[in-house]
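Visitor: Please walk me through this model, from the sheet outwards. I would like short answers.

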Amino acid sequence: MNVSKPTTLCAAFQETAAVDPDAIALRTVGGTTELSWREYSAQARLVAAGLDSLGVGRGDTVALMMANRLEFYPIDVGAQHVGATSFSVYNTLSAEQLSYVLDNAGTRVVFAEDQYVDRIRRSGVPIAHLIVLDGPGDSDSLALDEFLARGAANTGFDFEATWRAIQPDDVAT
């Protein structure tokens, strides 16, 4: 029997999620919050659709500036599923350091906790889309719920074709 191995992180994720969708994929310390593979996969799909609705795709960069939290993983994997390169930003960086990191990466989208939004704005880097995980959006940002609603409304997005177009040599993170 010839069993092929997944050649991309997206294919490996999809294969793993399909093995036992009800198994726990992610759990917070102490087990207060858990995500099954089914939930994790659904959230990653919603993030991918949300990113697509913002015009984010293959080769774009997506920064994540947050403490250790469950939302990191579906956002990171969702970005990978549209071919974007996601990366973590140290929470301790000053506005000047953020300026270098975000500008150097050509960052299009930043997902951040509310406590970091002012520092990101002080960096002076023009970010196309700032998504706030735990606070309200404003005229220059979207709340996470608003972003996810955009993803849910993006009915023309072909998730399967998009993640299947990812190549083994594409940058993931």
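**Core, sheet and buried side chains**

Guide: A point on origin first: this is a predicted model. Leucine 51 makes a good start. Leaving out residues up to four places away in sequence, leucine 51 touches Val56, Val62, Gly78, Ala79, Val82, Val109, Phe111 and Phe147.

Visitor: Which helix gives the largest share of the largest nonpolar core?

Guide: That core has 27 residues, and Leu51, Val62, Phe111, Ile131 and Phe147 have the most contacts inside it. At least two residues each come from α1 (9-19), α2 (37-53), β3 (61-65), α3 (72-81), β5 (107-112), α6 (144-153) and α7 (159-164). The largest share is four residues, and the helix that supplies it is α2.

Visitor: How many residues does the other core have?

Guide: This core lies apart from the largest one. Its members include Ala63, Val110, Leu130 and Val132. Its residue count is 16.

Visitor: In what order do the strands of the open sheet lie?

Guide: Five strands form the sheet, and their pairing is parallel. β4 (85-88) and β7 (142-143) stand at the edges with a single partner strand each, so one side of each has no neighbour in the sheet. The order is β4-β3-β5-β6-β7.

Visitor: Which residue stands opposite phenylalanine 111 in β6?

Guide: β5 and β6 (residues 129-132) run parallel and are joined by four bridges. Valine 109 has histidine 129 as its bridge partner in β6. For phenylalanine 111, the residue opposite is isoleucine 131.

Visitor: And which residue stands opposite phenylalanine 111 on the β3 side?

Guide: β3 and β5 also pair in the parallel sense, over five bridges. β5 is mostly covered, with five of its six residues buried. The residue opposite phenylalanine 111 is leucine 64.

Visitor: Why do the buried residues of α1 line one face of the helix?

Guide: The buried residues are Cys10, Ala11, Phe13, Gln14 and Ala17. An α-helix has 3.6 residues a turn, so residues three or four places apart point the same way. The face turned away from the buried side of α1 carries the exposed residues Leu9 and Val19. Seen down the axis of α1, the buried residues line one face because they fall within an arc of 160 degrees.

Visitor: Which helices do the buried residues of α1 pack against?

Guide: One of these partners, α3, is mostly covered, with nine of its 10 residues buried. The buried set in α3 includes Phe72, Pro74 and Ile75. The buried residues of α1 pack against α2, α3 and α7.

Visitor: What is the phi of glycine 83?

Guide: Glycine 83 follows α3. Its phi is positive, near 85 degrees.

Visitor: Is threonine 61 buried or exposed, and which backbone oxygen lies 2.9 Å from a polar atom of its side chain?

Guide: Threonine 61 sits in strand β3. Its relative accessible area is 11%, and buried means under 20%, so threonine 61 is buried. Leaving aside neighbours within four places in sequence, its contacts include Thr85, Phe87 and Gly106. The oxygen at 2.9 Å belongs to glycine 106.

Visitor: At what angle does α5 run to β6?

Guide: α5 covers residues 114-122. This helix lies across β3, β5 and β6. The angle to β6 is about 155 degrees.

Visitor: How far from the side chain of arginine 119 is the backbone oxygen of leucine 93?

Guide: Arginine 119 lies in α5 and is buried, with a relative accessible area of 19%. Alanine 95 is 24 residues away in sequence, yet 5.3 Å away in space, C-alpha to C-alpha. Beyond four places in sequence, the contacts of arginine 119 include Asn91, Leu93 and Ala95. From the backbone oxygen of leucine 93 to a polar atom of the arginine 119 side chain is 2.7 Å.

Visitor: Which side chain makes a polar contact with the side chain of glutamate 113 at 3.2 Å?

Guide: Glutamate 113 lies in the loop between β5 and α5. This residue is buried, at a relative accessible area of 4%. Its side chain reaches the backbone nitrogen of alanine 67 at 2.9 Å. The side-chain partner at 3.2 Å is arginine 69.

Note on methods: Residues are numbered from 1 along each chain as its sequence is written. This is a predicted model: local features need pLDDT of at least 70, side-chain atom pairs count only at pLDDT 80 or more; totals for chains, interfaces and linings use all residues. Side-chain values use heavy atoms; hydrogens and water are left out. A nonpolar core is a set of buried Ala, Val, Leu, Ile, Met, Phe, Trp, Tyr and Cys residues joined through side-chain atoms within 4.5 Å. Buried means under 20% relative accessible area, exposed over 50%, partly exposed in between (1.4 Å probe, protein chains only). Contact means heavy atoms within 4.5 Å. The arc is that of the directions from the helix axis to the C-beta atoms. A polar contact is a pair of N or O atoms within 3.5 Å; within protein, one must be able to donate a hydrogen and the other to accept it, and residues adjacent in sequence count only if both atoms are side-chain atoms. Two strands pair if DSSP finds at least two bridges between them. Axes are lines fitted to C-alpha atoms, for helices over the stretch in contact, and angles run from 0 to 180 degrees between N-to-C directions.
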